[in-house]
Amino acid sequence: MTLARMAASYRHSAELLRQRMNELKEAAKTAGPSERSRLEQRVRDLSSLYRDTQETARFLERYYDRRYHAHGRRKL
């Protein structure tokens, strides 16, 4: 598998995470207090995973770009 295909896979996973977060946010609007709290915590957990997935996709897409690595958050 190439880095470009891996990046695309990560992008797809990030999109699925974003969709799930939106579903949970909608469900939290009509949920009771305890259920709302649980759903909001799940959204926060997925949000962290979403950011990491997006960052990994970006890293894979720019893996061979020296300028990105020189100024990016991750270094080789």
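This passage walks through the helices, the nonpolar core, the salt bridges and the aromatic pairs of a predicted model.

Helix 2 is a good place to start. It covers residues 33–61, which makes 29 residues, and its first and last C-alpha atoms sit 42 Å apart, close to the 42 Å expected at 1.5 Å a residue. A good number of its side chains are tucked away: Leu-39, Val-43 and Leu-46 are buried, and so are Thr-53, Gln-54, Glu-55, Thr-56 and Ala-57, along with Phe-59 and Leu-60. That list mixes residue types, with Gln-54 and Glu-55 among the buried positions.

Some of these residues turn up again in the largest nonpolar core, which has 8 members. They are Leu-17, Met-21, Leu-24, Ala-28 and Ala-31, plus Leu-39, Val-43 and Leu-46. Both helix 1 and helix 2 put at least two residues into this core, and helix 1 gives the most, with 4. In soluble globular proteins, nonpolar side chains tend to be buried together. Val-43 shows what the packing looks like from the helix 2 side: leaving out residues up to four places away in sequence, it touches Met-21, Leu-24 and Lys-25. Met-21 and Leu-24 belong to the core themselves.

Further along helix 2 comes Thr-53. Its relative accessible area is 8%, so Thr-53 is buried. With residues up to four places away in sequence again set aside, the contacts of Thr-53 are Tyr-10, Ser-13, Ala-14 and Leu-17. Of these partners, Leu-17 is also one of the core residues.

Turning to charged pairs, the structure holds 5 salt bridges. One of them joins Glu-61 to Arg-11, with 2.9 Å between the closest N and O atoms. Glu-61 lies in helix 2 whereas Arg-11 lies in helix 1 (residues 3–30), so this bridge ties together parts that are 50 residues apart in sequence. Neither partner is buried: Glu-61 is partly exposed at 43% relative accessibility, and Arg-11 is partly exposed at 29%.

Other bridges stay within helix 1. Arg-18 pairs with Glu-15, and their closest N and O atoms are 2.5 Å apart. These two are 3 residues apart in helix 1, so about one helical turn separates Arg-18 from Glu-15. An α-helix has 3.6 residues a turn, so residues three or four places apart point the same way. Both partners count as partly exposed, Arg-18 at 33% relative accessibility and Glu-15 at 31%. Glu-26 and Lys-29 make another salt bridge, here with the closest N and O atoms 3.0 Å apart. This pair, too, lies in helix 1 with a spacing of 3 residues, about one turn of the helix. The partners fall into separate accessibility classes, though: Glu-26 is partly exposed at 48%, whereas Lys-29 is exposed at 56%. The cut-off for exposed is over 50%, so Glu-26 at 48% does not make it into that class.

Then there are the aromatics. The structure holds 2 aromatic pairs. In one of them, Phe-59 and Tyr-63 have ring centres 5.8 Å apart and ring planes at 85 degrees, so the pair is edge-to-face. The other pair, Tyr-63 with Tyr-64, has its ring centres 5.0 Å apart and its planes at 90 degrees, so that pair is edge-to-face as well. Phe-59, Tyr-63 and Tyr-64 together form one aromatic cluster. Accessibility varies across this cluster: Phe-59 is buried at 13%, Tyr-63 is partly exposed at 28%, and Tyr-64 is exposed at 70%.

Phe-59 itself sits in helix 2. Its C-alpha atom is 8.1 Å from that of Ala-7, although the two residues are 52 places apart along the chain. The Glu-61 to Arg-11 salt bridge also links helix 2 with helix 1, and the largest nonpolar core draws at least two residues from each of these helices.

Definitions and conventions. Residues numbered from 1 in each chain as written. Predicted model: local features only at pLDDT ≥ 70, side-chain atom pairs only at ≥ 80, totals over all residues. Heavy atoms only, no water. Expected span 1.5 Å × (residues − 1). Buried < 20%, exposed > 50% of the residue type's maximum accessible area, 1.4 Å probe, protein only. Salt bridge = Lys/Arg side-chain N within 4 Å of Asp/Glu carboxyl O. Core = buried A, V, L, I, M, F, W, Y, C linked by side-chain atoms within 4.5 Å. Contact = heavy atoms within 4.5 Å. Phe/Tyr/Trp six-rings, centres within 6.5 Å; stacked < 30°, edge-to-face > 60°.
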